[in-house]
Amino acid sequence: LQLAPDLQTGWPIEEVEIRYAGNAFTVPSEYKNQYRHYVAENPERFEQDGTKYTLVRNPTAFSDTPRLTLEIQKTKYSVVRFFQERVVTIKPRRDAFLAQVFENGTIDFPSSLCMHAVVITNDNRVLVTKRAPKVDHSPGAWSVSVEEQLSADDFRPGVKGVVARWAQRLLLEELAVQPADYDIRNM
């Protein structure tokens, strides 16, 4: 995790850049057979095996150049879930992946890139929400943040700023807040 230049305001949207790092993530050969079996065991779960985006490098930012660059690549939902449920649950494997992140900044395992936002109202109150009972993670829990995964829709032509579109979609889909109800420059 990289600290924002101003911890009170976080990363301004215009200072966050998303850059494609190349081809889609491919399952390493040592896991291919396990992955095929995993998908075959869960056909209905992966019937609509959508595109997800994963970080490929631990982002770096410095106080004298406060721009955050997120290098991403495409992956599939089934690949993310396979790694979460079958690969990184094994402590030595998880430790090896994390050591690589800390040693050279490379991320060689897929995850689903997600924006978390804390909503502060005009009167300086923090919005607290209750998670739906049907979500995968922490159903029914109270949360001070809302989250949304990066989507292919955020890259569509004519949209100025992938990160701005992503943030607007987060507010609309998670909280039903319309663009007319906030100033994008405050995000």
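This report describes the fold, strand pairing, helices and salt bridges of a predicted model.

## Overall architecture

The protein chain contains 4 helices and 7 strands. Read from the N terminus, the order of these elements is β-α-β-β-α-α-β-β-β-β-α. The C-alpha atoms occupy a box of roughly 55 × 40 × 35 Å along the principal axes. For 187 residues, a compact globule would be expected to have a radius of gyration near 16 Å, and the value for the protein chain, 18 Å, agrees with this.

Of the 187 residues, 32% are buried. The area exposed by the protein chain is about 12200 Å², of which carbon and sulfur atoms supply 52%. Among contacts with a separation of 6 or more, 62% are between residues 24 or more positions apart.

## Strands β2 and β3

Strand β2 covers residues 51-55, and 4 of its 5 residues are buried, so this strand is largely enclosed by the rest of the structure. Its pairing with strand β3 (residues 68-76) is antiparallel and comprises 5 bridges. Within this pairing, Thr-54 has Gln-73 of β3 as its bridge partner.

## Strands β4 and β7

A further antiparallel pair is formed by β4 and β7, joined by 4 bridges. Here Ala-117 stands opposite Val-146 in β7. In a regular strand, side chains alternate between the two faces of the sheet. Strand β7 shows such an alternation: Val-146 and Glu-148 point to one face and are buried, whereas Glu-147 and Gln-149 point to the other face and are not buried.

His-116 belongs to strand β4, which spans residues 114-117. Is this residue buried or exposed? With a relative accessible area of 53%, His-116 is exposed, because the cut-off for that class is over 50%. Beyond its neighbours within four places in sequence, His-116 is in contact with Ser-145, Val-146 and Glu-147. The C-alpha atoms of His-116 and Glu-148 are 6.8 Å apart in space, although 32 residues separate the two in sequence.

## Helix α4 and its contacts with the strands

Leu-170 is located in helix α4 and counts as buried, at 1% relative accessibility. Which residues does Leu-170 contact, leaving aside its neighbours within four places in sequence? They are Met-115, Ala-117, Val-146, Glu-147, Glu-148 and Leu-175. For Leu-170 and Val-146, a sequence separation of 24 residues corresponds to a C-alpha to C-alpha distance of 7.7 Å.

The same helix, α4 (residues 162-175), holds both Glu-173 and Arg-169, which are 4 residues apart, about one turn of the helix. An α-helix has 3.6 residues a turn, so residues three or four places apart point the same way. The side chains of Glu-173 and Arg-169 meet in a salt bridge, with an N to O distance of 3.4 Å. Glu-173 is partly exposed, at a relative accessible area of 49%, while Arg-169 counts as buried, at 5% relative accessibility.

## Helix α3

Helix α3 consists of 14 residues (residues 91-104), which at 1.5 Å a residue should span 20 Å; the end C-alpha atoms are 20 Å apart, in agreement with that expectation. Gly-105 follows α3 and has a positive phi, near 80°.

## Salt bridges

How many salt bridges does a search of the whole structure find? The search finds 13. Side chains of opposite charge can pair when their charged atoms come close.

One salt bridge links Arg-86 and Glu-41, whose closest N and O atoms are 3.2 Å apart. Arg-86 lies in helix α2 (residues 77-87) and Glu-41 in helix α1 (residues 32-41), so the pair ties together parts that are 45 residues apart in sequence. Arg-86 counts as partly exposed, at 34% relative accessibility. Another salt bridge involves Glu-147 and Arg-131, with the closest N and O atoms 2.4 Å apart. Because Glu-147 lies in strand β7 (residues 146-149) and Arg-131 in the loop between β5 (129-130) and β6 (142-143), this pair ties together parts that are 16 residues apart in sequence. In addition, Glu-15, Glu-17, Arg-19 and Arg-67 are joined into one network by salt bridges that share partners.

Terms used:
Residues are numbered from 1 along each chain as its sequence is written. This is a predicted model: local features need pLDDT of at least 70, side-chain atom pairs count only at pLDDT 80 or more; totals for chains, interfaces and linings use all residues. Side-chain values use heavy atoms; hydrogens and water are left out. Helices (H or I, at least four residues) and strands (E, at least two) are DSSP runs, numbered from the N terminus. Buried means under 20% relative accessible area, exposed over 50%, partly exposed in between (1.4 Å probe, protein chains only). Contact means heavy atoms within 4.5 Å. The expected span of a helix is 1.5 Å times one less than its number of residues. A salt bridge is a side-chain nitrogen of Lys or Arg within 4 Å of a carboxyl oxygen of Asp or Glu. Two strands pair if DSSP finds at least two bridges between them. The radius of gyration is taken over C-alpha atoms; the globule rule is 2.2 Å times the number of residues to the power 0.38. Accessible areas come from the Shrake-Rupley method with a 1.4 Å probe; for residues, only the protein chains shown count as cover.
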